[in-house]
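Biologist: Could you take a close look at one part of this model for me, and then walk me outward from there? I'd love to hear how the pieces sit.

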Amino acid sequence: MGEAEEQVPDPIPHDRHSVKYGSAPGGPAFPGQAQDPLYGYFAAVAGQDGQIDADELQRCLTQSGIAGAYKPFNLETCRLMISMLDRDMSGTMGFNEFKELWAVLSGWRQHFMSVDSDHSGSVDSQEMQKALATMGFRLTPQAMSAITKRYGSHGKIAFDDYIACCVKLRALTDSFRRRDAAQQGMVNFQYDDFIQCIMSI
């Protein structure tokens, strides 16, 4: 498997140096944060602790319009998004994590739009494979078939399900890569470790 290309232009302009993949988990507001255009969306739903949960993330992303003409993200997809970046296992997301998520979502949306040529809001298995390939994922036909069955309906994968799939693929790939110290594409899992890995995503 490869790694997704997540550093792409965002629809909302901001300081390019402030959005970096792998930034530290977010926390309460810091000086200058209020000037970031993204902070308005985040602050509108975040509490005084500067954190948002899945329900708040869903409202935040819906209000921001990042899904564009596509259907807004459902609550389960928002839970997956938080778990992907929840490094402190708090079940919430800070502003820095939100900015990282925004950059990743922007990239994934561009890949989806590039293969959704008829603007139907869904892609078939071949289009999905093309989108994932452009992000660096090299999956077998068997793996793609499993993805289509899991995330598709009548052979089509909607935007929200596509994002959920991308979140899961990234989280599983990151978890696998951490255990593949020799970078050989093979790891040994203890049963408990395997369950924790799957359940944390």
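Modeller: Happy to! Serine 122 is buried, because its relative accessible area is 16%, and the cut-off for buried is under 20%. Do keep in mind that this is a predicted model. Serine 122 belongs to strand β3, which covers residues 122–124. Setting aside neighbours within four places in sequence, the contacts of serine 122 are Phe112, Asp116, Glu127, Lys156, Ile157 and Ala158.

The cysteines are worth a look too. A search of the whole structure turns up zero disulfides. Cysteine 60 is accordingly in no disulfide, and the nearest cysteine sulfur, in cysteine 78, lies 9.5 Å away. Cysteine 60 is also buried, with a relative accessible area of 0%. Why is there no bond between cysteine 165 and cysteine 166? Their sulfurs are 5.7 Å apart, which is too far for a bond, since a disulfide needs the two sulfur atoms within 2.5 Å. For cysteine 165, cysteine 166 holds the closest cysteine sulfur. Cysteine 165 is buried as well, at a relative accessible area of 1%.

For a contrast, let's move to the surface. Phe189, Tyr191, Phe194 and Ile195 form a nonpolar patch there, and together they have about 400 Å² of accessible area. One of these residues, phenylalanine 194, sits in helix α8, which runs over residues 191–199. Phenylalanine 194 counts as partly exposed because its relative accessible area is 39%, in between the 20% and 50% cut-offs.

Terms used: Residues numbered from 1 in each chain as written. Predicted model: local features only at pLDDT ≥ 70, side-chain atom pairs only at ≥ 80, totals over all residues. Heavy atoms only, no water. Patch = residues over 30% accessible without salt bridge, like charges linked within 9 Å, V, L, I, M, F, W, Y side chains within 5 Å. Areas by Shrake-Rupley, 256 points an atom, 1.4 Å probe, with all protein chains shown as cover. Salt bridge = Lys/Arg side-chain N within 4 Å of Asp/Glu carboxyl O. Helix = DSSP H or I, 4+ residues; strand = E, 2+ residues; numbered from the N terminus. Buried < 20%, exposed > 50% of the residue type's maximum accessible area, 1.4 Å probe, protein only. Contact = heavy atoms within 4.5 Å.
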